[in-house]
Each structure stands twice: as C-alpha cells, then as structure tokens.
Amino acid sequence: MVDRFARFRRMPLRSLVGKSPRSVAGQVFLLQVALILLLVACAVFLLLLQSRRETSTEARNRVVAVAQTFAHSPGVVAALRTTNPTAVLQPATEAGRKTAGVDFIVVTDTHGIRYTHPVRHLIGKPLIGDIRPALQGKAHTENVNGPLGREVQAVVPVKTADGKVIGVVVAGMKVQNVTGQVNRQIPIILGAGAGALALATAGTALVGRRLQRQTHSLAPDEMSRMYEHHDAVLHSVREGVLIVDGDGRLLLANDEARRLLELPRDAEGRRVSELPGLEPDMAALLESGREASDEVHFAGDRLLVVNQRLTDRGGGPKGTVVTLRDSTELQTVSGRAQVVGERLKLLYDAGVGIGTSLDVARTAEELARVAVPRFADFVSVDLADAVLRGEEPTTRAATLRRIAVCGIRDDYPFYEKGRLITFPSYTPQARGYATASSELLADLSTTSVWHVQDGERAKEILEYGIHSLIVAPIRARGVLLGMASFWRCNQHEPFDEEELALAEELVARAAVTIDNARRYTREHALAVTLQRSLLPRALPEQNALDVGYRYLPAQSGVSGDWFDVTPLSGARVALAVGDVVGHGLHAAATMGRLRTAVHNFSALDLPPDELLSHLDDLVGRIDRDETSAETVVGATCLYAVYDPVTRRCVMARAGHPEPALVHPDGQVTFPDLPAGPPLGVGGLPFETAELELAEGTQLVLYTDGLIEDRRRDLDVGMDMLRQALAGHPDRSPEESCQAVLDELLPSRPTDDVALVIARTRALPPDRIANWDVAHDPAAVAGMREAVTGRLEEWGLDELGFGVELVLSELVTNAIRYGSEPIHVRLIHDLTLICEVADGSSTSPHLRYAATTDEGGRGLFLVSQLAKSWGTRYVAQGKVIWAELALPARLEEI
C-alpha cells in the first residue's frame with residue numbers, strides 16, 4: 001500500500017488529470033471524481049451540523065449543571081435570608097463563574113431582582129428572562145438578549161429545606177462563545193474532508209491509470225473500431241497467429257494458422273497436446289512456453305518458420321503468442337544465399353588470416369589452414385625452391401617443393417612436407433604450372449592422367465576416399481610461384497565450376513602475400529649480406545685484449561648495429577660499438593659509412609671525445625644530404641681505448657648504453673660514464689672518463705637491443721645483464737657472450753644486437769724500456785748504445801741496425817725541431833715499437849728529397865725500415881712512433 005501511494009506521489013499531475021474525457025478511462029475517472037466530491041461535501045456538511053448541535057447541547061448542559069450546583073451550594077439559602085445577600089453572594093458567584101467556565105452566574109429574589117452580576121451596575125435591576133418555571137420549582141433553559149448580548153441561560157430555583165422557593169440562580173454563556181467552539185472545529189472537519197478527498201482521488205487515479213493502460217486511452221467508439229480492425233487483420237494476414245495460455249490451451253488461431261497447421265474448427269479452447277495433426281516438435285514448442293526466433297519446423301509437407309514470444313512481459317496474462325510463416329518456397333533460395341555467404345566469409349577470413357608474417361613457408365601454411373575444412377578436406381601447397389630463397393623462378397619445369405600440407409586427418413596419403421616433387425608434363429599440376437591455369441577433376445576415379453606419376457600413391461589416395469581435386473597456380477605480378485591442390489573426401493560433394501572460381505580467388509589472395517614474403521626474403525637476405533660484409537669478419541691480432549663478440553640481426557629486418565676492434569699505436573686497442581637509427585639497407589649502408597669513419601679517425605690517434613665530435617659532424621652532414629623518407633635522424637656510439645702498458649681505459653659515449661665491467665672477483669659494475677648526446681644532434685660536447693682496470697677485468701660493450709624489450713623495463717634488462725655476468729670471473733669472453741644471449745634473448749630478437757666482451761691483459765714490465773734524453777745532439781750516441789743493450793736482453797740483436805737508425809733519426813728530429821722533455825720508449829709486443837716523445841706539437845712530414853737537397857731523407861728512411869709509423873698528440877706534446885717487425889714475423893711474412 002505504501003509503495004502504491006509513493007508511486008502516486010511521483011506521478012506527474014498531467015498523468016492524473018490529463019486523461020482525455022473521450023476515452024473510457026477518462027469518463028470513468030471524471031464520474032468517480034464527481035461522486036467523491038459530492039460524498040465528501042455532504043459528509044463535511046453533516047459533520048458541521050452535528051458539531052453545532054453537539055456544541056449547543058453541551059453548552060446548555062453546562063449552564064444547567066453550574067446553576068444547579070450553585071443553587072444547592074451550602075450557604076446560599078442562608079445568604080438569601082440576610083439583609084445584604086449581595087455582599088455574600090457576589091464574590092461566590094464570580095469565583096464560581098471563573099471556575100465553571102461560564103460567562104455569568106446571577107442570583108435573584110423571587111421577584112427577579114438581581115443580587116449578583118459580573119457587571120456590578122446591573123445588580124439590583126430586574127433579570128432578563130422568564131423565572132416563572134423556577135418559582136414553580138422547575139429548572140429550564142432559554143435564549144435571551146441580555147446585557148452581554150445573545151445568551152443561553154439556565155434558570156434554577158433555590159429552595160429551603162421545606163421546599164419553599166426563596167430565590168433563583170441563573171447561569172449562562174454568550175452564544176458567541178458557543179459558536180466560536182464550533183468554528184474552532186471547522187478546520188479539523190475540513191482537513192479531514194480534504195484528506196479523505198485526496199485519498200479517494202488517489203485511489204480513483206490508480207484505478208483510472210490501470211484502466212487507461214488496459215484500454216490504451218481509447219474512447220468507446222475507438223475500442224469498437226479497434227476490435228473490428230483486429231478481427232479484420234487477424235483473419236486476413238498471410239501469416240499464422242496463435243495465442244496459447246500458460247496451461248498450454250489454445251486461445252486464438254487465425255485463418256492462416258488453421259490452414260498451415262490444418263487445425264479443426266473446435267481447436268480454440270483445447271489443449272495443444274490434444275490437437276490432431278500437429279508434429280511432435282511443433283506441439284512441444286507450443287507447450288514449452290519458451291521464446292523462439294525463426295526456428296524451422298515441419299508441419300506435414302510444409303516448412304514453417306516459427307517465432308514465439310511471452311505475453312506476460314508487460315504484466316499481461318501468462319502465455320505465448322506464436323507467428324507462423326511458410327518458407328517452403330524460400331528454402332532453396334535461402335540455402336543458396338547461405339552458401340554464398342559462407343564463401344564470402346571464407347574469402348574474408350583468407351584476407352585476414354593469410355599474410356600475417358613476411359615468411360614464405362608460414363604464408364603457405366596459412367593458405368592451407370584457412371581452406372580446411374570449410375572448402376576442402378586436404379590442401380597441399382608446392383613452391384619453387386627459388387621462391388624460398390627470395391628469387392624469381394626462371395625454369396618452366398614443374399619441379400616444386402612441398403611447403404605445406406593440411407587436412408582433417410594426419411594420416412594423409414600425399415607426399416610429405418619438404419619433399420622435392422617433379423610433376424610429369426601430363427599431370428594436372430604440370431599443365432597448370434605450364435599454362436598458369438586452373439584445372440578441375442571432379443571425379444578422380446574416372447581420370448587416369450594423374451595416375452601416371454605415382455600409380456601406387458594414386459591408388460592409396462582413392463582408397464583413402466579422396467574423389468575430387470582442384471589444382472590452382474599461385475601467380476602474382478606475372479610471376480608463377482607454385483601450385484595449390486585442394487582435395488575432397490567421400491563425406492563431401494565433388495568440386496564444381498563455381499568452387500573452381502572460388503579456389504582461384506582464394507589462391508589469388510594468397511599469391512600476393514606469398515610474393516610479398518618472397519620479395520621481403522630477397523631484400524632481407526641482401527640487407528643481411530650487406531651488413532655482415534660491413535662488419536668485421538675476423539678480429540685483428542693484438543695482445544692487449546682477449547675479445548669475444550656476437551652479432552644477431554633482427555627478426556623483422558637488419559638494422560644499423562655494429563662493432564669494431566682496432567689496434568692502435570703503442571700496443572693500445574680501440575673498441576667501438578654503435579647503433580644507427582632505422583632498419584633495412586639504408587641503415588646498413590649508413591652503418592658502413594660510420595664504421596669506415598671510425599677506422600679513419602682511429603688511424604689519426606684521436607682521443608675518444610674528439611673522435612665522437614667528428615662522427616657527430618659526419619652524421620649531421622648525412623642528415624642534411626638525405627632527402628628520402630628514410631632519412632637518418634641520428635646514431636649512438638661508444639668508443640673506448642685500452643692501453644695494456646698503463647692498464648688505463650679512456651672512453652666516451654654518444655647517447656649509447658653505458659658499458660659493464662666484470663671485475664676479477666666476479667663483481668659487476670656500471671661505470672659512471674657521461675652520456676653525451678646522440679650523434680647528429682650537434683652543438684654539444686662529449687666528455688671522457690678514464691678508468692684503471694685490473695688485469696683480467698672484462699669490459700662489456702653492447703647495443704640497446706640486448707637490454708631493451710617491449711615486455712620489460714630498461715632497469716629489468718640491466719639487472720638481467722648484471723646477473724648473467726656476475727660470479728664467473730674465469731669464464732672466457734666467448735662463453736660469457738653466449739651466456740648473456742641465452743639469459744637475455746631466449747628467442748629471436750626484435751632488434752639487432754651487437755655484443756663485445758673484452759678481457760684486459762697487462763704488458764709485463766720487462767717488455768718495456770724507458771729513457772729520458774737530454775736536449776743535446778751528443779746524447780744520440782748514448783741512446784743508441786742503451787737501445788742496443790736492451791735489444792740484446794730481449795734477443796732481438798738482428799734488429800739492432802734498423803732500430804739504431806730509426807731512433808737516431810727520430811731523436812735527432814726531436815732535439816733539432818722539438819722541445820723538452822724528450823722521452824724514448826721501447827715496447828716488445830707483437831712488434832717492436834719505438835716511441836720518441838717531446839713537448840712540441842709540430843709534426844714532421846714525409847717528403848721526397850731531391851738529389852741536391854742536404855736533408856729531408858730521415859723520415860723516408862724510417863718509413864722504409866719500419867712496418868708502420870705515425871704521430872699521435874698527447875696533452876704535453878706529441879709522440880712519433882715506428883713499429884718494426886720481429887725476426888720471427890719477418891720469416892712469416
């Protein structure tokens with residue numbers, strides 16, 4: 001009940017009073033409201049009359065009771081017998097009046113002269129009213145116009161003990177006060193009436209709303225027309241309509257339903273299960289009461305489409321309404337449309353599912369999988385070997401390799417995957433490959449041409465139950481790539497001409513993706529070949545570092561990752577690792593240019609920061625010169641120089657990941673190396689860091705493809721690298737490279753990876769000799785003697801003449817053209833290295849002296865005797881060095 005009134009309060013006023021008076025609901029609502037108003041008005045009127053009457057009666061009873069009470073009060077008789085009754089009775093009457101709630105109490109003598117009155121000047125004057133009944137000993141009430149206005153008063157006699165009347169007591173109230181009491185009750189009466197009216201109107205509105213919903217706001221004539229139209233439509237539509245109640249009893253059936261189901265005349269009112277001629281599944285559906293959408297059921301020789309809906313969704317009676325549509329004639333057309341729809345769905349799935357990767361074999365497998373089992377029971381794809389290598393087939397001979405086989409079963413009788421098959425010229429595959437046209441063999445048992453290739457296997461195929469074949473060439477952009485064969489077994493109908501066209505469309509879509517994969521394979525192979533040709537094929541011979549390295553191309557294509565190991569003067573070795581932005585041939589070619597530039601700058605013995613500055617200028621020029629969409633936008637590089645004599649390593653990086661150091665105790669650290677901007681940004685300097693490395697320390701250089709991955713953060717990759725390197729100080733660089741790749745890259749990487757791990761070595765002190773030379777030409781002779789003695793200690797007497805001549809020329813030039821201090825150092829390494837350092841920055845130049853020149857032949861002699869020579873600049877001047885081959889090396893040369 002509370003919920004209903006809450007709903008009533010939420011109803012908009014328009015919904016309550018906006019009912020059209022023409023509708024049945026509106027007329028009933030207005031009639032009910034009018035009756036309620038009349039009843040409420042009558043009830044209020046009667047309540048007012050009753051209240052007035054009860055109030056007047058109560059007032060009379062009160063004044064009578066007050067008058068009789070005062071008349072019988074003790075002392076009244078005695079007061080009347082005194083000479084001055086007013087003095088005694090006036091205070092008593094006033095106190096009694098106020099206590100009893102009346103307007104006046106008056107005591108008179110038997111002649112009606114007042115002894116008391118609320119208005120004192122009226123005492124002694126005659127009473128207005130009739131005292132005769134009181135003198136006779138009777139009490140009565142009356143309405144008079146007294147001094148206080150219209151009054152209702154009670155007149156009561158005062159008797160002595162023997163019954164003699166000696167006075168009269170009159171008690172009264174003003175009529176105005178009595179009416180005021182009635183008026184004070186009027187709001188309560190009207191409020192109760194209004195509440196009753198509101199409740200009755202709300203109930204009427206609820207009833208009217210339900211009636212409005214049930215009659216749909218229709219007027220009586222409209223309802224009559226509606227039922228007439230309902231009958232006309234129900235019995236004239238060409239669709240059967242049934243209404244079944246919740247107990248499975250047929251309530252209504254139109255003419256079309258009677259015709260389709262062949263119902264008897266007395267069908268309405270009977271249970272569905274009792275109707276004759278209904279198919280069991282149709283009767284079960286009608287009795288179930290469940291919803292059905294376009295279900296197909298038989299009714300005799302007819303095929304009916306049945307829809308069934310519940311009738312109690314909107315609060316109606318429980319049951320179902322059923323529609324029947326004869327679809328016998330449309331079944332053939334719909335079946336045909338279904339087949340066309342399935343074929344279109346197959347072509348759509350082929351467009352989505354074929355060509356998900358740029359891999360020829362995987363694309364062929366996707367073609368086979370998408371056609372099984374919706375189009376064929378088995379599919380085999382054969383391609384020319386040249387296609388697998390990314391090349392275009394040049395021969396017309398039908399020698400193909402089976403790339404994919406897919407079927408509904410795994411024990412198929414076809415050639416196995418990977419086999420190279422040569423099809424004779426009269427087989428369907430060979431003819432299709434030669435003419436680039438498809439062939440349909442609807443019945444293999446009646447066709448003998450395909451038996452000739454392998455009679456035993458053809459017999460197995462027929463015994464297996466395969467009876468139909470379509471052979472379609474895989475052709476794209478005028479290039480014939482291979483053949484696709486579609487096979488069907490006994491559980492399916494043979495292929496027809498329409499399905500031949502479908503097979504051609506299916507293969508044509510796959511051919512484009514296979515050709516794209518073939519061309520990608522060719523481009524990828526070219527890029528990988530180019531990149532590998534630009535990377536070091538073998539590491540140079542040197543004694544400063546034990547180096548291991550790995551290079552892995554990306555899965556999707558080559559990139560610009562590279563590394564290099566370059567021997568420098570003074571037994572030093574330079575390590576470089578870099579990464580060029582982009583992929584493909586352009587990135588590989590740019591990488592080659594940068595690697596060549598690093599080689600050239602290394603030959604000048606530039607410090608790492610200066611070398612990176614020159615590379616930065618080079619990349620900037622490349623960016624400015626490029627106009628294609630594959631413009632290089634930058635590169636990263638890390639360049640390090642290790643000196644085995646001092647065991648110091650100087651390095652700098654340009655936007656490249658920082659290197660890792662594996663110390664001899666197995667601890668792994670990442671040195672705080674200034675990052676520097678990537679190459680190509682320009683305008684910012686590069687900073688170097690110099691580290692002293694203990695012998696046996698492993699220096700790990702790598703590109704970002706090793707530690708960066710979409711599935712993990714960079715910090716996670718760094719931690720994984722630390723864990724892969726830590727705790728194995730005795731592991732060789734080659735073993736460390738493989739361990740790192742196994743830990744960080746278990747599958748093929750998505751980006752190129754270059755990894756270099758170099759274990760440091762230290763040159764023994766007994767292989768190094770140092771001398772300070774005075775700035776005096778006479779010191780050259782002493783220098784030659786000291787060098788000769790050291791060569792004898794090293795067993796290099798055979799090099800004495802050449803070394804003396806080289807050092808004499810270099811020291812003489814330093815004394816003549818250089819400045820102090822002058823220092824000479826011999827290093828016994830893979831070669832004998834002679835170094836002369838002085839404080840001057842002036843570098844000598846090789847020139848060819850004329851026959852008349854007195855000088856200019858010293859450096860020429862040095863270049864002839866030495867294997868190589870050059871100049872490098874240091875912070876306090878320059879070093880001129882020359883390398884001479886050792887005797888054992890001379891024999892090898």
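A disulfide is a pair of cysteine sulfur atoms within 2.5 Å. By that criterion, a search of the whole structure, which is a predicted model, turns up 0 disulfides. Two of the cysteines can be placed with respect to the surface. Cys489 is buried, with a relative accessible area of 5%, and Cys649 is buried as well, at 0% relative accessibility.

For a reader meeting this protein for the first time, the overall make-up is a helpful place to start. The protein has 893 residues, of which 45% count as buried. Its secondary structure comprises 24 helices and 30 strands. Among the contacts with a separation of 6 or more, 60% are between residues 24 or more positions apart.

One such long-range meeting can be followed at Ala71, a residue of helix H3 (residues 24–71). Ala71 has a relative accessible area of 7%, under the 20% cut-off, and is therefore buried. Along the chain, Ala71 and Val156 are 85 residues apart, yet their C-alpha atoms are separated by 7.0 Å. Leaving aside residues up to four places away in sequence, Ala71 touches Val76, Val156, Pro157, Val158 and Val169.

The interior also has some empty space. The structure holds 3 cavities of 30 Å³ or more, and the second largest of them encloses about 60 Å³. Strands E1 (104–108), E2 (140–146) and E3 (149–159) are the elements that each give two or more residues to the lining of this second largest cavity. The lining residues are Phe104, Val106, Arg114, His117, Leu127, Ile128, Val144, Gly146, Pro147, Leu148, Glu151 and Gln153. By character, the lining of the second largest cavity divides into 7 nonpolar, 3 polar and 2 charged residues.

Helix H18 offers a simple check on geometry. H18 covers residues 608–625, a run of 18 residues, and at 1.5 Å a residue it should span 26 Å. The C-alpha atoms at the ends of H18 are 26 Å apart, which agrees with the expected span. Which residues of H18 are buried? They are Pro608, Leu611, Leu612, Leu615, Asp616, Leu618, Val619, Gly620, Ile622 and Asp623. A general point helps in reading such a list: an α-helix has 3.6 residues a turn, so residues three or four places apart point the same way. Leu611, Leu615, Leu618 and Ile622 are among the buried residues of H18.

Finally, a few places in the backbone deserve a look. Most residues other than glycine have a negative phi, and most peptide bonds are trans. Two cis peptide bonds can be described here. One joins Val372 and Pro373, with omega about 0°; Pro373 sits in the loop between helix H12 (360–371) and strand E10 (378–383). Another joins Glu820 and Pro821, with omega about -5°, and Pro821 belongs to the loop between helix H22 (800–817) and strand E27 (822–828).

Positive phi values in residues other than glycine are found at Arg477, where phi is near 55°, and at Ala571, where phi is about 65°. Arg477 is part of the loop between strand E14 (468–476) and strand E15 (479–488). Ala571 lies in the loop between strand E17 (559–567) and strand E18 (573–583). Is Ala571 buried or exposed? With a relative accessible area of 9%, Ala571 is buried.

Methods
Residues numbered from 1 in each chain as written. Predicted model: local features only at pLDDT ≥ 70, side-chain atom pairs only at ≥ 80, totals over all residues. Heavy atoms only, no water. Buried < 20%, exposed > 50% of the residue type's maximum accessible area, 1.4 Å probe, protein only. Helix = DSSP H or I, 4+ residues; strand = E, 2+ residues; numbered from the N terminus. Expected span 1.5 Å × (residues − 1). 1 Å grid on protein atoms, 1.4 Å probe; cavity = no way out; pocket = protein on both sides within 12 Å on 5 of 7 lines; lining within 4 Å. Points joined across faces, edges and corners; volume = space filled by probe spheres on them. Nonpolar A, V, L, I, M, F, W, Y, C, P; charged D, E, K, R; others polar. Contact = heavy atoms within 4.5 Å.
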